[in-house]
Amino acid sequence: MLLALKLAYRNLMGAKLRTWLNVLVLSFSFVVIIWQKGIINGWDQQAQRDTKDWEIGGGQYWQEDYDPYDPFVLEDSHARLSDATERAVAKGKLAPILISQATMYPEGRIQNILLKGIDPNQQIIELPSSNLVSKNGNIPAMIGRRNAKSSKLKIGDYVTIRWRDAKGAFDAEEVRIVHIFKTNVPTLDAGVLWIPLKKHQEMMNLSGEATILVTNQETGFDGSIVGWDFKDHYFLLTEFRQMIEAKNASGYVMFLILMSLAMLAIFDTQVLSIFRRQKEIGTHIALGMTQKQVIVLFTVEGAMHSVLAAILAAVYGIPLLAYQASVGWTMPAGTGDMGITIAEKVYPAYSLGLVLGTTVIVLIVTTIVSFLPTRRISKMRPTDAIRGKIQ
Amino acid sequence: MNNSNLITTRDLVKTFAMGDHEFTALNEINLVFKTGEFAGLIGPSGSGKTTLLNILGSLDTPTRGEAVVLGQSINELTSKKMANLRNHHLGFIFQTYNLLAVYTVYENVELPLLLLKMPATERKQTVLQSLEWVGLTNKMKSRPAQLSGGECQRVSIARAMVKTPKIVLADEPTANLDAKNSHNILQTMEKLNRELRTTFIFATHDEKVIQYLRRKISLNDGQVVSDETITGK
């Protein structure tokens with residue numbers, strides 16, 4: 001095998017431009033595959049981090065009837081906090097949020113919203129709830145940028161909201177937009193109006209009640225609470241994980257296209273080599289190689305393209321990918337409005353596993369592709385091969 | 001086996017399928033080659049010279065009969081043993097040199113020793129010695145494309161001789177060379193034959209080669225028509 005490696009290396013170096021063209025194409029595939037996977041990984045990590053920091057903390061306790069996908073149960077999805085839970089809230093381990101449906105009338109238009117009440121003093125999630133401290137008797141409210149854009153609301157605007165309280169009575173009041181926040185987590189933003197928890201409880205006639213309890217990231221699950229179900233990160237990130245899996249699947253399509261192009265070049269080179277280098281094959285046999293050894297030599301030669309490509313990819317790819325990881329990849333305008341958790345800039349995340357995994361896969365595929373045409377050698381007559389007679 | 005008998009053929013027949021009929025390339029060949037011979041298979045094109053040389057070189061097998069090379073019957077050898085025989089004991093010189101174009105002269109000559117897994121220091125010495133035999137030490141970094149035909153054939157001789165094989169098989173070695181180069185390489189081979197006692201067997205119809213031979217075996221239509229040993233050369 002060492003001999004095959006040595007001879008294959010000599011042959012590749014001797015073939016000069018032909019070798020380097022193949023190596024360049026393959027190295028390009030390496031870099032693009034790793035970059036693309038890095039972007040998805042970076043997005044995944046960043047979005048998970050943002051979602052934990054801004055929305056789900058260390059997990060959430062849901063009132064047992066709460067189902068975010070069933071608006072008909074929302075009016076019953078609330079419960080009073082027990083004394084123990086209140087103590088946990090006071091200690092900063094939990095942040096209660098009350099959720100109800102409401103209607104907002106910005107500039108006379110009608111817009112259905114989710115009204116969410118949160119304690120202005122909570123420190124558990126990064127939502128800037130401290131802006132909801134009431135200063136002049138108005139009901140302070142805040143919305144995200146996406147909502148502000150669609151409802152055309154600005155800071156200082158008053159907007160009428162209408163809701164139905166726990167007893168079924170409709171009521172309406174004006175709230176003042178005190179803050180417009182920017183977040184990468186669209187579920188906190190689109191169609192959501194945030195107000196102080198106490199005010200919300202008062203409006204709904206649900207004093208001391210909440211729909212969900214967000215846990216501190218450091219604490220996470222802190223024992224069962226009767227009437228509440230704990231939802232962990234795995235559950236709360238299910239949708240996002242499924243989307244990343246779908247993105248990964250589309251990434252594999254790109255991977256396949258790039259690999260096919262590179263492998264086509266290798267396969268073509270191998271076929272051409274075996275056709276053009278019959279005399280060389282015959283000479284190797286005359287000098288004492290078996291046909292099997294010649295097959296190994298040609299296979300190693302083909303597979304070595306991927307080794308050289310990995311080296312070349314490292315030469316220009318590492319600085320390129322490192323630069324990309326430091327400056328990030330700016331997402332196209334409007335991506336944030338698509339309802340997915342994504343930052344304006346995604347910073348690719350590369351892992352050793354990603355780089356090694358890609359290298360091993362490319363090496364295996366190249367070896368197989370290099371081997372396939374060489375099987376023809378075993379059918380050659382050495383005497384004809386020596387004379388370079390086309391077989 | 002008689003120790004001095006390197007090659008023995010007994011009723012050797014080689015046929016090739018040509019469409020729906022058979023072509024007999026060699027017919028009942030009975031020959032013995034001894035150590036140190038400088039022999040030639042002479043005859044026109046299609047007389048069976050190269051076919052016989054290929055069988056003696058274990059690159060092909062007889063259809064019937066037997067070819068025993070260095071005590072091993074070619075018919076009974078596996079491809080691995082055949083390769084081993086060629087690797088250790090046989091050297092080949094081809095009409096078109098068959099040098100590897102991407103290798104330097106040094107690397108071309110080194111190749112058989114790499115296959116023999118000879119240690120690097122010994123390998124280097126042996127290659128240099130072999131290049132010295134053919135007078136090409138000054139060209140060892142050149143590639144075949146940078147050499148003349150005569151120089152290429154001398155590299156080919158160096159490659160065949162580098163492992164000091166017992167037998168060298170040369171198929172039309174002068175066919176692509178002019179008279180001066182032909183004589184040069186023949187003199188080189190004759191010198192190596194005398195100094196190293198290597199047996200040389202040629203397949204040729206070139207008069208320039210024939211005049212150097214000490215044994216001339218004439219073939220016609222796959223049969224030996226004469227076998228003449230010239231004494232006093």
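Visitor: Taking two strands as paired if DSSP finds at least two bridges between them, how many bridges join β7 and β8 of chain B?
Guide: Five bridges join β7 (residues 167-171) and β8 (residues 199-204) of chain B, and the pairing is parallel. Leu169(B) stands opposite Ile201(B) in β8(B). Strands (E, at least two residues) and helices (H or I, at least four) are DSSP runs, numbered from the N terminus.

Visitor: What kind of model and numbering are we dealing with?
Guide: The model is predicted: local features need pLDDT of at least 70 and side-chain atom pairs count only at pLDDT 80 or more, whereas totals for chains, interfaces and linings use all residues. Residues are numbered from 1 along each chain as its sequence is written, while chains are lettered from A and ligands numbered from 1 in the order in which they are written.

Visitor: Back to β7(B) and β8(B): which sheet holds them?
Guide: They belong to an open sheet of six strands in chain B, ordered β6-β7-β8-β3-β9-β10, with mixed pairing. β6 (90-93) and β10 (223-229) of chain B are the edge strands; each has a single partner strand, so one side of each lacks a neighbour in the sheet. From one strand to the next, the twist averages 15°.

Visitor: And the four-stranded sheet in chain B, what is its order?
Guide: The order is β2-β1-β4-β5 in an open sheet, with antiparallel pairing. At the edges are β2 (21-34) and β5 (72-73) of chain B, each pairing on one side only.

Visitor: How many bridges hold each of those pairs?
Guide: β1 (residues 5-18) and β2 of chain B are joined by 10 bridges, and Thr8(B) has Val32(B) as its bridge partner in β2(B). β1(B) and β4(B) share five bridges, with Ile7(B) partnered by Val69(B) in β4(B). For β4 (residues 64-69) and β5 of chain B, the pairing runs over two bridges; the partner of Val68(B) in β5(B) is Ser73(B).

Visitor: What sits in the β1(B)-β2(B) turn?
Guide: That hairpin has two residues between the strands, and Gly19(B) takes a positive phi near 65°.

Visitor: What about hairpins in chain A, say β6(A) and β7(A)?
Guide: The hairpin of β6(A) and β7(A) has five residues between the strands, with Gly168(A) at a positive phi near 95°. β6(A) and β7 (residues 170-181) of chain A are antiparallel over seven bridges, and Thr160(A) is partnered by Glu174(A) in β7(A). β6 (residues 158-164) also pairs with β3 (residues 94-105) of chain A, antiparallel over four bridges; there Ala102(A) stands opposite Trp163(A).

Visitor: Helices now. At what angle do α7(A) and α9(A) pack?
Guide: α7 (residues 238-276) and α9 (residues 291-327) of chain A pack at about 150°, with their axes 10 Å apart. Axes are lines fitted to C-alpha atoms, for helices over the stretch in contact, and angles run from 0 to 180 degrees between N-to-C directions. The two helices are therefore roughly antiparallel; angles under 35 degrees count as roughly parallel, over 145 as roughly antiparallel, 65 to 115 as roughly perpendicular and the rest as oblique.

Visitor: Which residues meet there?
Guide: Ile266(A), Gln270(A), Ser273(A) and Ile274(A) of α7(A) meet Phe298(A), Gly302(A) and His305(A) of α9(A). Residues are in contact if their C-beta atoms, placed from the backbone, lie within 7 Å.

Visitor: How do α3(B) and α4(B) cross?
Guide: Their axes come within 10 Å and cross at roughly 125°, which means that α3(B) is oblique to α4(B). Tyr106(B), Val109(B), Glu110(B) and Leu113(B) in α3(B) meet a set in α4(B) that includes Arg123(B) and Leu131(B). By class, this contact has five nonpolar, two polar and two charged residues. Ala, Val, Leu, Ile, Met, Phe, Trp, Tyr, Cys and Pro count as nonpolar, Asp, Glu, Lys and Arg as charged, and the others, Gly among them, as polar.

Visitor: How many residues make up the contact between the chains?
Guide: 19 residues of chain B are in contact with 18 of chain A. On the chain B side, α2 (79-89) and α3 (105-115) each supply at least two residues. That side has 11 nonpolar, four polar and four charged residues.

Visitor: Last topic: how is chain A divided?
Guide: Chain A has domain 1 (2-52 + 240-386) and domain 2 (60-231), with bounds from an automatic or database domain assignment. Their centres, taken over C-alpha atoms, are 51 Å apart. In the contact between them, 10 residues of domain 1 touch six of domain 2.

Notes
Contact = placed C-beta atoms within 7 Å. Pairing = 2+ DSSP bridges.
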